[in-house]
Amino acid sequence: MSGRPDRAAEPDIQQLRKLTEIGRAFTYTTSLEQVAQLAVERGASLLAADAAVVMLPDASEVLHVRATHGVPTQRLTRTRAPDAAEAIERLPDLLDVGVDRVLAVPLVVGGSVTGLIAVALGAPPTAAEEWLLSALADQAAVALEHARLGGEVRLEMESRLRASEGATGAKDRALATLAHDIRSPLGAIDGYCWNMEDQLYGPVNDNQRKVLGRIRMSGRHLLSLLDSVMDMARLNAGIVAIASVPVRLAAVAREAAEILGPAAAAKRQTLSLEESADPVIDADPDRLRQILVNLIGNAVKFTPESGAVVVSTSEYRGVSTPHGEVRVTDNGPGIPAAEQAVIFDPYYRSESVTQLPGVGLGLAISHALAKQMGGTLTVESQLGTGSSFVIRLPLVRDATPS
Ligand code: ADP
């Protein structure tokens, strides 16, 4: 052998691609059971393993089998183990292979072991297989943690929503539950599309590949609608965590404009940035970006082809505390005065735009987020001339921006 590493010491490109897709599938998966099941199924397929198992601890730290692939039910009687060492000892029995064919790695989050994943291989594990299973275990551990936390947040949200009287609470609860439950099958649709594009179920021609891409795009669109519904329900229940750090307003405005650049170009619109100041504000940069993406997205969406959208940042000193200001201005249809009073209401959409995509939540969410960050979101518009949406957030002085 030459000085080059053994081929089996490194995963091949196909496996790395699969690993990335598994990571993507995890982000759609919101329940603990589904994450565990996805981990065993995708883990077995990634490593061409005959069987796979995920074990997670219960409240008293006893490890239980939570998901299996290729393990007959009669073998599942031997599924409890008081600690990791004993669990690992029982794995050859459970997976029905020799001890040298078992590959087991811990699931670790923030330095603590939160379970284990193991697979039964046809031969003693190679370094590449160990690396791949560890990488998958890292993804699974984070997804499991999110599912656990997400479950807690959902329970908290549901109990708060239950406590809130009246139709709004009931509607929000129903919508939030629906949105949550639709996420998982949507994840499955995305996953199967990727598998088909990867030709796991047989050859795929160019036309079919195009259609699969469209199915995935539609899934993403649905997912973003679901996220809006969930966001609105969380905001109504008062359980949205908002960071408060120094942020360079112009930098976030630039990022948001870059995200919408291709959409504006597709409509031959000009999307320009004007920075008359570079204020440092006190805000949550991710939430601020979310607001700006929504406002610029609306400007692009409602302004006809060849129109102009300008994103400008400045300092605003009209009130007692100085504020940073971003204006998103378009030369689109404008908004009648009567509608300006209601466009920030959830689910409000103008009669004239019902043929365009949207559910009428973007502005309501943006308004609530700006308010939670101690700022304001307002509109100035004239019918037939265009609209300006204005965000103002309190300035931070003498701070190092993140
Ligand atoms: P959506 O975009 O899903 O319709 P939004 O809450 O973002 O929902 O917007 C609510 C309504 O406000 C829109 O349906 C549209 O009628 C109006 N609107 C928002 N932005 C603009 C804009 N830049 N120009 C004209 N109308 C707008």
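## Lining of the largest pocket

In this predicted model, the lining of the largest pocket draws at least two residues from each of α6 (206-237), α7 (249-266), α8, β9 (323-330), α10 and β11. Helix α8 gives the most, with ten residues. By class, the lining comprises 26 nonpolar, 15 polar and nine charged residues.

The largest pocket holds about 1400 Å³ of space. It is lined by 50 residues, of which N294, N298, K301, P357 and G358 are the closest to its centre.

## Ligand shell

The ligand sits in the largest pocket. It is surrounded by 20 residues, the closest being N298, K301, R349, G360 and L363. Ten residues of this shell are nonpolar, seven are polar and three are charged.

Three elements, α8 (285-302), α10 (362-372) and β11 (386-394), each supply at least two residues of the shell. Helix α8 accounts for the largest share, with five residues; α8 also gives the most to the lining of the largest pocket.

## Polar contacts and burial

Oxygen atoms of the ligand take part in polar contacts with side-chain and backbone atoms of the protein. A polar side-chain atom of R349 lies 2.7 Å from a ligand oxygen. On the backbone, an N or O atom of S350 is placed 3.2 Å from an oxygen atom of the ligand, and a polar backbone atom of L363 is 2.8 Å from a ligand oxygen. Taken alone, the ligand exposes 540 Å², and the protein buries 97% of that area.

Note on methods:
Residues are numbered from 1 along each chain as its sequence is written. This is a predicted model: local features need pLDDT of at least 70, side-chain atom pairs count only at pLDDT 80 or more; totals for chains, interfaces and linings use all residues. Side-chain values use heavy atoms; hydrogens and water are left out. A residue is near a molecule or strand if one of its heavy atoms lies within 4 Å of it. A polar contact is a pair of N or O atoms within 3.5 Å; within protein, one must be able to donate a hydrogen and the other to accept it, and residues adjacent in sequence count only if both atoms are side-chain atoms. Accessible areas come from the Shrake-Rupley method with a 1.4 Å probe; for residues, only the protein chains shown count as cover. On a 1 Å grid over the protein atoms alone, a cavity is a set of points where a 1.4 Å probe fits but cannot get out, and a pocket is an open set with protein on both sides within 12 Å along at least five of seven lines; lining residues have an atom within 4 Å of a point. A molecule sits in a cavity or pocket if more than half of its atoms lie within 2 Å of its grid points. Helices (H or I, at least four residues) and strands (E, at least two) are DSSP runs, numbered from the N terminus. Ala, Val, Leu, Ile, Met, Phe, Trp, Tyr, Cys and Pro count as nonpolar, Asp, Glu, Lys and Arg as charged, and the others, Gly among them, as polar. Grid points are joined across faces, edges and corners, and a volume is the space filled by probe spheres set on the points.
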